[in-house]
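Let's take a walk through this protein model, one region at a time. Keep the picture open as you read.

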Amino acid sequence: MFRRRIFMKQLAFLFLGTLTISARAVEPTRPNVLLILGDDQAWTDFGFMGHPTIQTPHFDKFAKESATFTRGYVPTSLCRPSLVTFLTGRYPHEHRICGNDPAPGIDRREMLKHIHRLPTLPKWLGAEGYVSFQTGKWWEGNPQEDGKFTAGMSHGDPKRGGRHGDLGLKISREGHQPIIDFLDAHPGKPFFLWHAPFLPHTPHTPPERLFAKYRAPDRPMTVARYYAMCEWFDETLGDVLGLLDQRGLRNNTLVVFATDNGWIQDPKGNNFAPKSKRSPYDGGLRTPIIVRWPDRVTPALYDTPVSSVDIVPTILAACGITPVEPLPGLNLLAIADAKGQCDRQSLFGEIFEHDVADIDDPSQSLLYRWTLSAGRWKLIQPAATGAAAELYDVLADPHETKNLADSESARVVELQKSLDRWWTP
């Protein structure tokens, strides 16, 4: 009888809400959630990742306190589609926000229908009583009306310059008062904070004291400015984490960090170099993924390959929420509990044009698919008919300088089949 009552309650829950986004697990832990998203920074460009010059003491401390996955990946190396994966837990071809802008002549608001139709972190958590706040990079219209945040810094109105964050892009560059106000306005309420500061993204305008620190006779000024931006981002991380400590929120806040895509500074100009942003190479796709939850997550470094599709399932699991529809990612908390062991054999991703050719058909904008197999073999498969695949051993060759496709032709065929099983455009 008891089981029958439980079943009938679950059935009624699903029937009464065709658009229901989650079913609450028993005894949720309900931590606060702070999702910190860096913007245009290579996986190499942190002290704890071994950079010989850039100093990031706050990131180093944060990584030491956390389960830190040094071989994280985003599926795509362009900010908007990558950010929507952090929001939904879906690959770009699934959530369909595949590029930054629609084709010329298409109203950019038409792309928002995909955000409206999907479950997202603010929707999942809001249904469980969380308040939420958006700061920084945000492409998806109005964060309250379209994103379903409780509040946000951005307005998203194209007629007033709304595109990728507008007023929200002031966060960290001009202080953190909006976050302070949000935290103090909701004492005792569980919260979700989307913190996507426009750092170290261009414009590279670091404080003069940091720029002076990195200037050197043999270092291009563009590189010195970028290095200074990375340390400036590090300082702001310390400030934001300090806000939790000041309010006694440290122990009951799950903090997750990753970057939206990589960046290799062009020494000759204010742009990115090849094999970084917008590319299918690790310079654009790889990022450390850091998970801190004191007393719940044991601090350790893991070289297990993981993906940003794992971040939403991790947050939902920590908050005691089970999605109605399964997500493609894994729970990083469980991987950390297993000391980095994971049954998944392959990661996957896709690269699209900057402007979306067809806002409903991802295949029309596709440039590459890629997969990382057995933590070692990286296949890059161009979408263009007849274009040759590339294969790299990223353990032996992390900067992908030696294409092994000709000498490992059988492996290429095997990985191409794996890509097709994942997604055939």
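Here a residue counts as buried when its relative accessible area is under 20%. One more thing before we start: this is a predicted model.

**The four-stranded sheet**

With that cut-off in mind, look at strand β17, residues 390-393. Both of its faces are covered: Glu-390 and Tyr-392 are buried on one side, and Leu-391 and Asp-393 are buried on the other. The general rule behind this split is that side chains in a regular strand alternate between the two faces of the sheet.

The neighbouring strand, β16 (residues 377-382), runs antiparallel to β17, and four bridges join the two. Across that pairing, Leu-379 stands opposite Leu-391 in β17. Likewise, Lys-378 has Tyr-392 of β17 as its bridge partner, and Trp-377 stands opposite Asp-393 in β17.

How many of the residues of β16 are buried? Six of its six are, so the strand is mostly covered. Trp-377, Leu-379 and Gln-381 are buried on one side, while Lys-378, Ile-380 and Pro-382 are buried on the other.

β16 also pairs with β15, again in the antiparallel sense, over six bridges. One bridge here links Arg-369 with Gln-381 in β16. The hairpin of β15 and β16 has three residues between the strands, and in it Ala-374 takes a positive phi near 55°.

Now put the strands together. They belong to an open sheet of four strands with antiparallel pairing, in the order β13-β15-β16-β17. β13 (346-352) and β17 stand at the edges with a single partner strand each, so one side of each is left without a neighbour in the sheet. From one strand to the next, the twist averages 15°. Helix α13 (residues 409-422) packs on this sheet and touches β13, β15 (366-373), β16 and β17. The direction of α13 makes about 70° with that of β16.

**Two nonpolar cores**

Next, the cores. The largest nonpolar core has 57 residues, and Leu-35, Phe-86, Trp-194 and Ile-315 touch the most other members. Take Leu-35: leaving out residues up to four places away in sequence, Leu-35 touches Phe-86, Leu-121, Phe-192, Leu-193, Trp-194, His-195, Val-256 and Ile-311. Apart from that core lies another one, of 43 residues, with Phe-62, Ile-171, Leu-183 and Leu-244 among them.

**Two helices with a buried side**

Phe-62 brings us to helix α2, where Phe-59, Phe-62 and Ala-63 are buried. These residues cover an arc of only 95° around the axis, which puts them on the same side of α2. The buried residues of α2 pack against β3 (67-73), α9 (221-246), β8 (253-259) and β9 (286-292).

Leu-183 sits in helix α7 (residues 177-185), whose buried residues are Ile-179, Ile-180, Phe-182 and Leu-183. Seen down the axis of α7, they fall within an arc of 165°, so they line one face of the helix. As background, an α-helix has 3.6 residues a turn, so residues three or four places apart point the same way. The buried residues of α7 pack against β5 (131-136), β7 (191-196) and α9.

**Three buried polar residues**

Finally, here are three residues worth finding in the picture.

| Residue | Where | Relative accessible area |
|---|---|---|
| Gln-41 | loop between β2 (32-38) and α2 (57-64) | 0% |
| Arg-108 | loop between β4 (101-102) and α5 (113-117) | 18% |
| Glu-231 | helix α9 | 7% |

What lies around Gln-41? Leaving aside neighbours within four places in sequence, its contacts include Phe-46, Pro-200, Tyr-226, Cys-230, Phe-233 and Trp-263. A polar atom of the Gln-41 side chain also lies 2.7 Å from the backbone oxygen of Asp-45.

Glu-231 shares a polar contact of 2.5 Å with Tyr-214, side chain to side chain. Not counting residues up to four places away in sequence, Glu-231 touches Gln-55, Leu-210, Lys-213 and Tyr-214.

Is Arg-108 buried or exposed? At 18% relative accessibility it counts as buried, because the cut-off is under 20%. With neighbours within four places set aside, Arg-108 is in contact with several residues, among them Arg-80, Asp-101, Trp-139 and Arg-163. Arg-108 and Arg-296, in turn, are 188 residues apart in sequence and 42 Å apart in space, C-alpha to C-alpha.

Definitions and conventions. Residues numbered from 1 in each chain as written. Predicted model: local features only at pLDDT ≥ 70, side-chain atom pairs only at ≥ 80, totals over all residues. Heavy atoms only, no water. Core = buried A, V, L, I, M, F, W, Y, C linked by side-chain atoms within 4.5 Å. Buried < 20%, exposed > 50% of the residue type's maximum accessible area, 1.4 Å probe, protein only. Contact = heavy atoms within 4.5 Å. Pairing = 2+ DSSP bridges. Polar contact = N/O pair within 3.5 Å; in protein donor to acceptor, adjacent residues only side chain to side chain. Arc of directions from axis to C-beta. Axes fitted to C-alpha atoms, helices over the stretch in contact; angles between N-to-C directions.
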